[in-house]
Amino acid sequence: MVERQISTKIVFCTLQELPEAEKMLVEKAMEISRKAYAPYSRFKVGAACLLANGQVVAANNQENAAYPSGTCAERCALFFANANYPSVPVEAIAIAAHHGDAFTLDPITPCGNCRQVLVETERRFGVPMKVLMYGERDIAVVDAAADLLPLSFGSETSEPLF
Ligand code: THU
């Protein structure tokens, strides 16, 4: 029998401590969250992706009266990026969310479905996707989407776990 541990490096920092490009990405996520269509949950989320060609694409959550028809901000942004720039890696994604006027105090973390999509985009291009999760108190940063979804499912069934 073998026991193995999986650990995740998470950096907690302030907006001012981020490099300029990442600070701008977080600010873009915050800005676009204000335009979210979230009349049911009133939880407005924004996501901004930095592509390897320098382009930034951003989107927000889009809800629907038929609840499951709605889509999270991260998937809206990533699917738009992949639809329009299918050969350009996504190097980073920033996420921010607010209820009413106040952004969440703790970092907003992507849901399980979005993590699956983040990981597949990362694998598809073979380039780590930094994830910046905004909170008023601090921002949590992981170096790769896979860090948020250990032992994730992929199409390569024979991929080694370690
Ligand atoms: N939501 C996102 O857009 N991203 C997340 O990471 C978490 C949840 C949305 C889905 C739904 O519109 C609302 O937030 C409440 O769950």
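**Exercise 1. The hairpin and its neighbours**

How many residues lie between E4 and E5 in the hairpin that they form, and which residue in the turn has a positive phi? Work this out on the predicted model above, then list the strands that pair with E4.

*Solution.*
- Step 1: Start at the turn. Two residues separate E4 from E5 in the hairpin, and Gly 100 has a positive phi of about 60°.
- Step 2: Look at the pairing beside this turn. E4 and E5 (residues 102-103) run antiparallel and are joined by two bridges, with His 99 opposite Ala 102 in E5.
- Step 3: Go on to E2. Nine bridges join E2 to E4, and these strands run antiparallel. Here Val 45 has Ala 97 in E4 as its bridge partner.
- Step 4: Add E6. E4 pairs with E6 in the parallel sense over four bridges, and Ala 94 stands opposite Leu 132 in E6.
- Step 5: Check how covered E4 is. Eight of its 10 residues are buried.

**Exercise 2. Follow Val 45**

Take Val 45 in strand E2 and decide whether this residue is buried or exposed. Then find what surrounds it.

*Solution.*
- Step 1: Val 45 has a relative accessibility of 8%. The cut-off for buried is under 20%, so Val 45 counts as buried.
- Step 2: Leaving out residues up to four places away in sequence, Val 45 touches several residues, among them Ser 33, Ala 59, Ala 73, Glu 74 and Ile 95.
- Step 3: Pick Ile 95 from that list. Val 45 and Ile 95 are 50 residues apart along the chain, yet their C-alpha atoms are separated by 7.1 Å.

**Exercise 3. A buried charge in H2**

Find Glu 74 in helix H2 and work out which side chain of opposite charge is nearest to it.

*Solution.*
- Step 1: Check the helix. The 12 residues of H2 should span 16 Å at 1.5 Å a residue, and the end C-alpha atoms are 17 Å apart, which agrees.
- Step 2: See which residues are covered. The buried ones in H2 include Ala 73, Glu 74, Arg 75 and Leu 78. Those buried residues pack against E2 (43-51), E3 (56-60), E4 and H3.
- Step 3: Look for a charged partner. The nearest side chain of opposite charge to Glu 74 is Arg 75, 6.6 Å away. A salt bridge needs a nitrogen-to-oxygen distance within 4 Å, and Glu 74 has no salt bridge.
- Step 4: List what Glu 74 does touch. Beyond residues up to four places away in sequence, its contacts include Val 45, Ile 93, Ile 95, Cys 114 and Leu 118.

**Exercise 4. Helix H3 and the cysteines**

Describe H3, then explain why Cys 114 and Cys 49 form no disulfide.

*Solution.*
- Step 1: H3 (residues 112-125) has 14 residues and reaches 21 Å from first C-alpha to last, close to the expected 20 Å. Gly 126 follows H3, with a positive phi near 65°.
- Step 2: Among the buried residues of H3 are Cys 114, Val 117, Leu 118 and Phe 125. Its buried residues pack against H2 (73-84), E4 (90-99) and E6 (130-133).
- Step 3: Recall the chemistry. A disulfide is a covalent bond between the sulfur atoms of two cysteines.
- Step 4: Test Cys 114. Its sulfur lies 3.8 Å from the closest cysteine sulfur, in Cys 111, which is too far for a bond; the cut-off is within 2.5 Å. Cys 114 is buried, at 0% relative accessibility.
- Step 5: Test Cys 49. Its closest cysteine sulfur is in Cys 76, 11 Å away, again too far for a bond. Cys 49 is buried too, with a relative accessible area of 0%.
- Step 6: Finish with the count, which comes to zero disulfides.

Methods: Residues are numbered from 1 along each chain as its sequence is written. This is a predicted model: local features need pLDDT of at least 70, side-chain atom pairs count only at pLDDT 80 or more; totals for chains, interfaces and linings use all residues. Side-chain values use heavy atoms; hydrogens and water are left out. The expected span of a helix is 1.5 Å times one less than its number of residues. Buried means under 20% relative accessible area, exposed over 50%, partly exposed in between (1.4 Å probe, protein chains only). Contact means heavy atoms within 4.5 Å. Lys and Arg count as positive and Asp and Glu as negative; His and the chain ends are not counted. Two strands pair if DSSP finds at least two bridges between them.
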